[in-house]
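Colleague: I should be grateful for a close look at a single helix of this model and at what surrounds it. Please take me through it step by step.

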Amino acid sequence: MKPIIGMTACRGEGAVYKTNDTYVKAVIRAGGVPVLLPIADLPEDCPRLVETFDALLVPGGVDIAPQYFGEEPRDTVVCVDRVQDAFELELIRRTAGAGKPVFAICRGLQVVNVAFGGTLWQDIPSQCPQAHGHYQKTASRSEEYHTVTLVPGTRLQEIFGERELLTNSYHHQAVKELAPGFVVSARASDGIVEGIEKEDGSILAVQWHPECMEERHPVFRKFFAALMAKAAK
């Protein structure tokens, strides 16, 4: 049977719940069944929701409210959704507690880090002066943009079988203090964290968007193939 992949669906304009079709297509191409989880569901419903899927994919989206990691917002934090924050933080913890795999992308990585006690740079340009090129302005999200170095011995490096990848990049927040029990699995050349994973391999998260690249650059299908393999177990 095909594994069921739960994916959180954010609130969009016009009273709709949505996710980009690139996530859906990537999961289907990898052999999974995507199921959208509207964030209107209350955090207390998360234990029941976790029973309905084999693995959780946490997609990109808006900024996380800095109060969740003990800070007040800088003026560069202009779009948050506290309902989404509360729901995803609880859902991630519950999924991990149930022994099911979690894969996360962009904002998803940041939520994972915060869920387990880590903190974030709220705004890379103003807080990390050595950093460069983390929000590309190319015409297509499938365009390769900057180099990411994978850490030897990590699950991420094992999955891709490469030491370096050319990835896209669409974020202005990043990991500051890493959550306990996690390791950094990838970095950009300026030192910004681009991948993290739980030490036991049950949670894998990347800062770039493989779902936007996997059709044009098949190497990124390995991310979703790994998700299906974990979910099938």
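Modeller: The model is a predicted one, and the helix I have chosen is H3. Its buried residues are Gln-84, Asp-85, Phe-87, Glu-88, Leu-89, Leu-91, Ile-92 and Thr-95. Residues three or four places apart in an α-helix point the same way, because each turn takes 3.6 residues. The partners of the buried residues of H3 are the strands E1 (4-12), E3 (33-38), E4 (55-58) and E5 (102-105), together with the helices H2 (46-50) and H4 (107-115).

The length of H3 can be checked as well. H3 covers residues 82-97, and its 16 residues should span 22 Å at 1.5 Å a residue; the C-alpha atoms at its ends are 22 Å apart, so the two values agree. At the N-terminal end, Asp-81 acts as a cap, with a side-chain oxygen 3.1 Å from the backbone nitrogen of Val-83. Beyond the other end, Gly-99 follows just after H3 and adopts a positive phi of about 80 degrees.

H3 also takes part in the largest pocket, whose volume is about 630 Å³. The lining of that pocket comprises 29 residues, and those closest to its centre are Gly-60, Gly-61, Val-62, Arg-107 and Arg-141. H3, E1 and H4 each provide at least two residues of this lining, and E1 gives the most, with 5 residues.

Arg-141, one of the residues closest to the pocket centre, leads to Asn-168. Asn-168 sits in the loop between strand E8 (164-167) and strand E9 (174-175), and it counts as buried because its relative accessibility is 0%. A polar atom of the Asn-168 side chain lies 2.7 Å from the backbone oxygen of Arg-141, and a polar atom of that side chain lies 2.9 Å from the backbone nitrogen of His-209. Leaving aside residues up to four places away in sequence, Asn-168 touches several others, among them Gln-136, Glu-143, Tyr-145 and Trp-208.

Finally, a word on the cysteines, since E1 and H2 both pack against H3. The whole structure contains 0 disulfides. The sulfur of Cys-10 is too far for a bond, because the closest cysteine sulfur, in Cys-79, is 9.3 Å away; Cys-10 is partly exposed, at a relative accessible area of 22%. For Cys-46 the closest cysteine sulfur is that of Cys-10, at 16 Å, again too far for a bond, and Cys-46 is buried, with a relative accessible area of 0%.

Notes: Residues are numbered from 1 along each chain as its sequence is written. This is a predicted model: local features need pLDDT of at least 70, side-chain atom pairs count only at pLDDT 80 or more; totals for chains, interfaces and linings use all residues. Side-chain values use heavy atoms; hydrogens and water are left out. A disulfide is a pair of cysteine sulfur atoms within 2.5 Å. Buried means under 20% relative accessible area, exposed over 50%, partly exposed in between (1.4 Å probe, protein chains only). Helices (H or I, at least four residues) and strands (E, at least two) are DSSP runs, numbered from the N terminus. The expected span of a helix is 1.5 Å times one less than its number of residues. Contact means heavy atoms within 4.5 Å. A polar contact is a pair of N or O atoms within 3.5 Å; within protein, one must be able to donate a hydrogen and the other to accept it, and residues adjacent in sequence count only if both atoms are side-chain atoms. On a 1 Å grid over the protein atoms alone, a cavity is a set of points where a 1.4 Å probe fits but cannot get out, and a pocket is an open set with protein on both sides within 12 Å along at least five of seven lines; lining residues have an atom within 4 Å of a point. Grid points are joined across faces, edges and corners, and a volume is the space filled by probe spheres set on the points.
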